[in-house]
Amino acid sequence: MKEPVRSWDVAARLNDAPLGALHWLVLALTFAVAATDGLDAQIIGFTAPQIAAEFGIGNDRLGPVFSAALLGMTVGALLFGTLGDRFGRRRTMIVCVALFGGGTLLTAFAGSVTQLMLLRLVTGLGLGGALPNAVTLVAECAPGKHRPLLVTLMYIGFSVGGLLGGVIAGSLVVEHGWRVMFYIGGGLPLALSLLLLALLPESPQYLARRTGAGGQLSALLGRLDPAGAYDAHDRYTLPEASSRADVGELFRHRRLRNTLLLWLAFFINLLVLFFLMNWLPKLLVDGGVPLAQAIRVTVMFNIGGVLGALVLAWLSARHNPRRMLAAFFALGALAIMAIGLGDGRFAPVAAACFATGLFAGAAQVGLYPIATQVYPSTVRATGVGWAQAWGRIGSIFGPLAGGWLAVLEPRFAIYFLVFGAPLLVAAAAIAAMRDA
């Protein structure tokens, strides 16, 4: 007698599964993706003083150099977020990692400002597409009660990558020149892409929407949820499988308000953070601070970002996550303004940068768990990608606005008053969101 076909709710099984070895493997690999992404996104800030000196460009021309990769990131987040929903998070992410690794490596051979900008634009496409798919893959593998923590831990990799880049730059750039940073920043993600090919699984929720993926899905679910007895011939379902995988879904079913407020928060925070990451070392060097010390200030920012993200994750598990995130945005605004009070002196600026990372840097990490909870699986990578794309648009304007402001030659403190205040608006936007 033929056995009846069993039916499994994939999302429910994943939500109830215990943390296991495969969860930690996915976290480790996507953490490495975020780390190499963070290193390559911030690499131009570490090397800008030497690049400006070699190519003979002033502060007014540095803004477009900074923003070239950020424009690519915007397009990459939109393009590869959507492709991740259609063709899978795993393969899309691997393509993105190989793309930004290759672009960074080739940048070491740039012989002009035009070549530098074009290569940074190509690099940005991969940088922008990798993180939405990494965030989505972690979220769709994680058990429900551990999902916000695992997404937060994954995205901390971005700050760790910036921290690693600062340490490497402080050790090598002063002695060996700016190109060595691009050799390292390109080689690491290229090697990582091979590791991802060998070890990284696909999202089980993506597989559940594919026809003919029963064998692959049953094997993967068996590794994520050993208590289940899954078979290739079983029926696998998702509660929201009938939703359409298009951008319009971001505005349907009472999502309009949350989508717009989420975009606003992403836009403002990355505008501010990329102004800091790109311009702060250059402004300090212009003020007479040695390059090695200016790079160490950026390291303090990334240390604060790592610690702050852990604190925010701990607080969010015990209190309303949106209220905690809004508070971090408000405190980040004050920390950025405090950078200006240091008037270019290393110790007070370093302390204020640590506080900025602790609050504003951590707030960027805290946005991603909220973004994954707002949208169903069918458009999750698209939703995260569009939110990040609006952030990347902000990140383009941040360095450009820094260049426009530099033309006026304001006092050091003015930069940080101008760029600190918008975080108060981001705090209000998060506070005004509805619980998903």
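A cavity, as the word is used in these legends, is a set of grid points where a 1.4 Å probe fits but cannot get out, and its lining residues have an atom within 4 Å of a point. The views below are taken from a predicted model.

**Close-up 1. The largest cavity and its lining residues**. A search of the whole structure finds 3 cavities of 30 Å³ or more, and in the largest of them lies about 80 Å³ of space. Its lining includes the aromatic residues Tyr155, Phe158, Phe274 and Phe301, together with Leu270, Leu273 and Met277, while Gln42, Ser159, Asn302, Gly361 and Gln364 are also part of the lining of the largest cavity. By class, this lining divides into 7 nonpolar and 5 polar residues, with no charged residue. Helices α6, α10 (256-286), α11 and α13 each give two or more residues to it, and α10 gives the most, with 4 residues.

**Close-up 2. The second largest cavity, lined in part by α10 and α11**. The volume of this second largest cavity is about 50 Å³, and the residues that line it are Leu276, Met277, Leu280, Val297, Thr298, Phe301 and Cys353. Both α10 and α11 supply at least two residues of the lining, which comprises 6 nonpolar residues, 1 polar residue and no charged residue. Met277 and Phe301 line the second largest cavity and also appear in the lining of the largest cavity.

**Close-up 3. The largest pocket, with a volume of about 290 Å³**. Of the 16 residues that line this pocket, Pro148, Leu149, Ala313, Ser316 and Ala317 lie nearest its centre. The elements that give two or more residues to the lining are α6 (147-176), α11 (291-318), α12 (321-341) and α13 (346-374), and among the contributors α11 gives the most, with 5 residues. In the lining of the largest pocket, 10 residues are nonpolar, 5 are polar and 1 is charged.

**Close-up 4. A nonpolar patch on the surface, formed by Leu71, Val75 and Leu79**. Together these three residues have about 240 Å² of accessible area. Val75 lies in helix α3, which spans residues 59-87. With a relative accessible area of 41%, Val75 is partly exposed, and because a patch is made of residues with over 30% relative accessible area, Val75 at 41% meets that cut-off.

Conventions: Residues numbered from 1 in each chain as written. Predicted model: local features only at pLDDT ≥ 70, side-chain atom pairs only at ≥ 80, totals over all residues. Heavy atoms only, no water. Patch = residues over 30% accessible without salt bridge, like charges linked within 9 Å, V, L, I, M, F, W, Y side chains within 5 Å. Areas by Shrake-Rupley, 256 points an atom, 1.4 Å probe, with all protein chains shown as cover. Salt bridge = Lys/Arg side-chain N within 4 Å of Asp/Glu carboxyl O. Buried < 20%, exposed > 50% of the residue type's maximum accessible area, 1.4 Å probe, protein only. 1 Å grid on protein atoms, 1.4 Å probe; cavity = no way out; pocket = protein on both sides within 12 Å on 5 of 7 lines; lining within 4 Å. Points joined across faces, edges and corners; volume = space filled by probe spheres on them. Nonpolar A, V, L, I, M, F, W, Y, C, P; charged D, E, K, R; others polar.
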